[in-house]
Amino acid sequence: MEEQFPDKQRNKSVFEKMVFAFSFLRELILEEEEERKYRSSFNEILFIIEGDLSLKSLEEGVKNYSREQMIFLFPGGEVLLKAETKSVCFILRLDENINFCEKFSLHHLLSLRKAKKKLYSPLPMNERAKDFVCSLQIYMNDEVLSPELMEMKVTEYYYLLSTYYSKEQLAAFFSPLLHDNFRFYEFVLKHYKQVKTAKELAALSGYSVTGFDRQFRAMFGLSPYQWMLRMRMNKIIRELKYTSKTLEEIAGENGFASLDAFIDFCKKHGGLAPGMIRTGQPITN
């Protein structure tokens, strides 16, 4: 038995790496006429592989998209997906701060968007983008995803965008991030994990609490308190679904004084008890 223990530990480590990697890449299948509410906690790309989708959001209203298109989902955004025909999609999580390479970042697109007044536009999947998605499908089907592989694939995706798409196309694609308060947006994503309350985040920003709240609502469509609650709940959901940590471990690492307090929080802000979230029950809120 003792000789088998290292293998068990190694298998557990491989499993945890795989489920962590799957939090960066997910397959989404919607049957015809099926609706699904989706909250994005990160910069994410929705690849429509098959089918036709409509997306409804506060920012864009209802937009229709078809197969072989890429759609940018920004942090804190919420969309209602509806499949007009059976649809198969991948969702790829990007970095919080998007840099195409050392000399080319979103900052380089900011002035271009202002000059051209670009509105949001999806990107068509050219042949190289289709090859990229095909490689993701292969790795997922072969169950060889790992955090290291996903990091390389995200870097490859940045290279693909900067090489095969024009700056004008990229400015329109990433336009939800390219606004006058871009630096404020970057500040929030960079520092919100370092504080416990919205008041602490406001103090760190140098704004008054009132000024910070006003700027934040204009940016994210929620109060800082509501947004931070959502980010906290989304982090808990990812840990419940994509790690093998116990409920006690997740509760303790996320600052809950007791397991009961953690369960109450999940029920109130996640719609279900943590055990039900873990087993894949649909979330009600």
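A charge is said to sit over a ring if NZ of Lys or CZ of Arg is within 6 Å of the ring centre and within 35 degrees of the ring normal. In this predicted model, arginine 232 lies over the face of phenylalanine 256, at 4.1 Å from the ring centre. Arginine 232 also lies over the face of phenylalanine 265, and there the distance to the ring centre is 5.0 Å.

Rings also pair with one another, and the count of aromatic pairs comes to 14. One of these pairs is formed by phenylalanine 184 and tyrosine 207: their ring centres are 5.6 Å apart and their planes stand at 85°, so the pair is edge-to-face. Phenylalanine 184 lies in helix H6 (residues 182-191), while tyrosine 207 lies in the loop between helix H7 (198-205) and helix H8 (209-220), so the pair ties together parts that are 23 residues apart in sequence. Phenylalanine 184 is buried, with a relative accessible area of 6%, whereas tyrosine 207 is partly exposed at 36%. The ring of phenylalanine 184 has a further partner in phenylalanine 216, with centres 6.5 Å apart and planes at 80°, so this pair is edge-to-face. Phenylalanine 216 belongs to helix H8 and phenylalanine 184 to helix H6, so the pair ties together parts that are 32 residues apart in sequence. Phenylalanine 216 is buried, and its relative accessible area is 0%. Ring pairs link these residues into a cluster made up of Phe184, Tyr192, Tyr207, Phe212, Phe216 and Trp227.

The strands come next. Strands of a sheet pair through backbone hydrogen bonds, either parallel or antiparallel. One open sheet has 5 strands in the order S1-S8-S3-S6-S11, and its pairing is antiparallel. Strand S1 (25-30) and strand S11 (123-124) stand at the edges with a single partner strand each, so one side of each is left without a neighbour in the sheet. S1 and strand S8 (residues 87-93) pair in the antiparallel sense over 6 bridges. Within this pairing, leucine 25 stands opposite leucine 92 in S8. Helix H3 (residues 127-141) packs on the sheet, where it touches S1, strand S3 (44-50), strand S6 (69-73) and S8. The direction of H3 makes about 90° with that of S8. Helix H4 packs on the sheet as well, touching S1, S3, S6, S8 and S11, and its direction makes about 100° with that of S8.

A further open sheet is built from 4 strands in the order S2-S7-S4-S5, with antiparallel pairing. Its edge strands are strand S2 (35-39) and strand S5 (61-66), each of which pairs on one side only. From one strand to the next, the twist averages 25°. Strand S4 (residues 52-57) and strand S7 (residues 78-83) run antiparallel and are joined by 4 bridges. Lysine 56 has leucine 80 as its bridge partner in S7.

Where does the interior of the model gather its nonpolar residues? The largest nonpolar core has 74 residues, and those with the most contacts inside it are Phe47, Met70, Phe100, Tyr157, Phe174 and Trp227. Helix H4 (residues 147-164) gives the largest share of this core, 7 residues. Not counting residues up to four places away in sequence, methionine 70 touches Ile45, Leu46, Phe47, Tyr120, Pro122, Leu123, Pro124, Met125, Ala129, Tyr157, Tyr165 and Phe173. Another core lies apart from the largest one; it has 13 residues, among them Ile236, Ile237, Leu240 and Leu272.

Two single residues complete the picture. Lysine 153 has its place in helix H4. Is lysine 153 buried or exposed? Buried means under 20% relative accessible area, and lysine 153, at 6%, therefore counts as buried. Leaving aside neighbours within four places in sequence, lysine 153 is in contact with Phe132, Ser135, Leu136 and Tyr139. Phenylalanine 104 lies in strand S10 (residues 104-105) and, at 8% relative accessibility, counts as buried. With neighbours within four places again left aside, phenylalanine 104 is in contact with Asn99, Leu109, Ser162, Lys167 and Leu170. Serine 162 is 58 residues away from phenylalanine 104 along the chain, and their C-alpha atoms are separated by 8.3 Å.

How values were computed
Residues are numbered from 1 along each chain as its sequence is written. This is a predicted model: local features need pLDDT of at least 70, side-chain atom pairs count only at pLDDT 80 or more; totals for chains, interfaces and linings use all residues. Side-chain values use heavy atoms; hydrogens and water are left out. Two strands pair if DSSP finds at least two bridges between them. Helices (H or I, at least four residues) and strands (E, at least two) are DSSP runs, numbered from the N terminus. Axes are lines fitted to C-alpha atoms, for helices over the stretch in contact, and angles run from 0 to 180 degrees between N-to-C directions. Rings of Phe, Tyr and Trp (its six-membered ring) pair if their centres lie within 6.5 Å; planes under 30 degrees apart count as stacked, over 60 as edge-to-face and the rest as tilted. Buried means under 20% relative accessible area, exposed over 50%, partly exposed in between (1.4 Å probe, protein chains only). A nonpolar core is a set of buried Ala, Val, Leu, Ile, Met, Phe, Trp, Tyr and Cys residues joined through side-chain atoms within 4.5 Å. Contact means heavy atoms within 4.5 Å.
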